[in-house]
Amino acid sequence: MTSILSILLALVAFVVIAGLIVFLSVKSKAAKIAFMVILVPVAAAILYFCVQSIMQPLDFQKEQEARKAVAVQRLKDIRTLEVGFKSVHGHYTASIDSLKQFYNEGQMDIVMQVGSQDDSVAVANTARIKKKNPRIKAEQLLDLYHSGENLVFSITTKIPVRDTLCKRPDFCVDSIAFIPCCGDSVQMEAVVKTVSGVKVPLFEAKMPYGEKVIVAPKTKSVDKNGTPIEIAEKYVIKEYLLRGLDHQLVVNLCTELIDTDRYPGLMVGSVSAPNNNAGNWE
């Protein structure tokens, strides 16, 4: 882009300078007017292309950041629901429908701590009551606490997931299924892997800027001298999150990320390596 811009600016300068030289050398007033009628539009057109060459990447970056903000929030919501889902079921899910059902119909345990473990009198009093009545329930302890007993204990209650997670006013659970601005589904995966002898549940959710689609795989051949050569694979970039923006700029961005072994888009979590459910934007 920089080289093209330099060429255009040099061309504008050349046209202006050449125009001034010709204008000053022409004696006829009518010829001068005719020359200016031609020169001004040409210079204006070249200047327009210069401005466009500057603004196009800036507009692309601005729109990319706007879409990224929406996508990141959506991936954060998916992560929040996945963590909640795992706390109830013991594993993650690769199904958006399961996450939506969990949000709409599921319940979570909420543990409320009553009293303080640092209060030795309360600890001793609670132990005495439990020894006297081993089957006493947390609800009965809560009644005693409200009646004035000095106690320490925890009580677990179930509340709807939708009253606990993603309580943002603008949150819509149906939207988490889709990549913004293109309508394609979020790419989800969940596995259980053995890491250092321990089974670890993992998940990932992806929203690619664009995806590499191979149209001709890597092959081996020989040249005219019979020397073995390798023919590189050919691929195209299918747009997702950045669909509708300048295609070449999307290709350039995705190719740069792919060539440097980075994911060409946004993702949270990983099924290939535990990363504490981090997002690649963090």
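# Exercises on a three-stranded sheet and its aromatic pairs

Strand 4 (residues 198–208) and strand 9 run antiparallel and are joined by five bridges. The model used in these exercises is predicted.

## Exercise 1. Sheet order and edges

Task: Work out the strand order of the open sheet that contains strand 4, and state which strands stand at its edges.

Solution.

Step 1. Begin with the pairing on one side of strand 4: five bridges connect this strand to strand 9. Two residue pairs locate the contact, with Lys206 opposite Met267 of strand 9 and Glu204 opposite Gly269 of strand 9.

Step 2. Turn to the partner on the other side. Strand 3 and strand 4 are joined by nine bridges, again in the antiparallel sense. Within this pairing, Lys193 has Val200 of strand 4 as its bridge partner.

Step 3. Combine the two pairings. The order is 3-4-9, an open sheet of three strands with antiparallel pairing.

Step 4. Identify the edges. Strand 3 (187–195) and strand 9 (265–269) each have a single partner strand, so one side of each is without a neighbour in the sheet.

Step 5. Add the twist, which averages 20° from one strand to the next.

## Exercise 2. The turn between strands 3 and 4

Task: Describe the connection between strand 3 and strand 4, and name the turn residue that has a positive phi.

Solution.

Step 1. Strand 3 and strand 4 pair in the antiparallel sense.

Step 2. Two residues lie between these strands, and the unit is a hairpin.

Step 3. The turn residue in question is Ser196, whose phi is about 55°.

## Exercise 3. Aromatic pairs

Task: The whole structure holds four aromatic pairs. For the pair Phe85 and Phe102, give the geometry.

Solution.

Step 1. The ring centres of Phe85 and Phe102 are 5.6 Å apart and their planes make an angle of 75°. Planes over 60 degrees apart count as edge-to-face, and this pair is edge-to-face.

Step 2. Place the two rings in the chain. Phe85 belongs to helix 2 (residues 29–89) and Phe102 to helix 3 (residues 96–105); the separation is 17 residues, and the pair links distant parts of the chain.

Step 3. Classify burial, for which the cut-off is under 20% relative accessible area. Phe85 has 8% relative accessibility and therefore counts as buried. Phe102, at 5%, is buried as well.

Task: Repeat the analysis for Tyr103 and Phe171.

Solution.

Step 1. Tyr103 and Phe171 are also an edge-to-face pair, at 5.2 Å centre to centre with 70° between the planes.

Step 2. Tyr103 is in helix 3, while Phe171 is in the loop between strand 2 (153–160) and strand 3; they are 68 residues apart.

Step 3. Tyr103 is buried because its relative accessible area is 8%. Phe171 is buried too, at 12%.

## Exercise 4. Confidence across the model

Task: Decide which element has the lowest mean pLDDT and which has the highest.

Solution.

Step 1. Take the overall values: the mean pLDDT of the protein is 84, with 81% of its residues at 70 or more.

Step 2. Survey the elements, of which there are six helices and nine strands.

Step 3. Helix 1 (residues 2–25) has the lowest mean pLDDT, 60, and strand 9 the highest, 97.

Step 4. Apply the general caution: predicted coordinates should not be read in detail where pLDDT is low.

Conventions
Residues are numbered from 1 along each chain as its sequence is written. This is a predicted model: local features need pLDDT of at least 70, side-chain atom pairs count only at pLDDT 80 or more; totals for chains, interfaces and linings use all residues. Side-chain values use heavy atoms; hydrogens and water are left out. Two strands pair if DSSP finds at least two bridges between them. Helices (H or I, at least four residues) and strands (E, at least two) are DSSP runs, numbered from the N terminus. Axes are lines fitted to C-alpha atoms, for helices over the stretch in contact, and angles run from 0 to 180 degrees between N-to-C directions. pLDDT is the predictor's confidence in each residue, from 0 to 100. Rings of Phe, Tyr and Trp (its six-membered ring) pair if their centres lie within 6.5 Å; planes under 30 degrees apart count as stacked, over 60 as edge-to-face and the rest as tilted. Buried means under 20% relative accessible area, exposed over 50%, partly exposed in between (1.4 Å probe, protein chains only).
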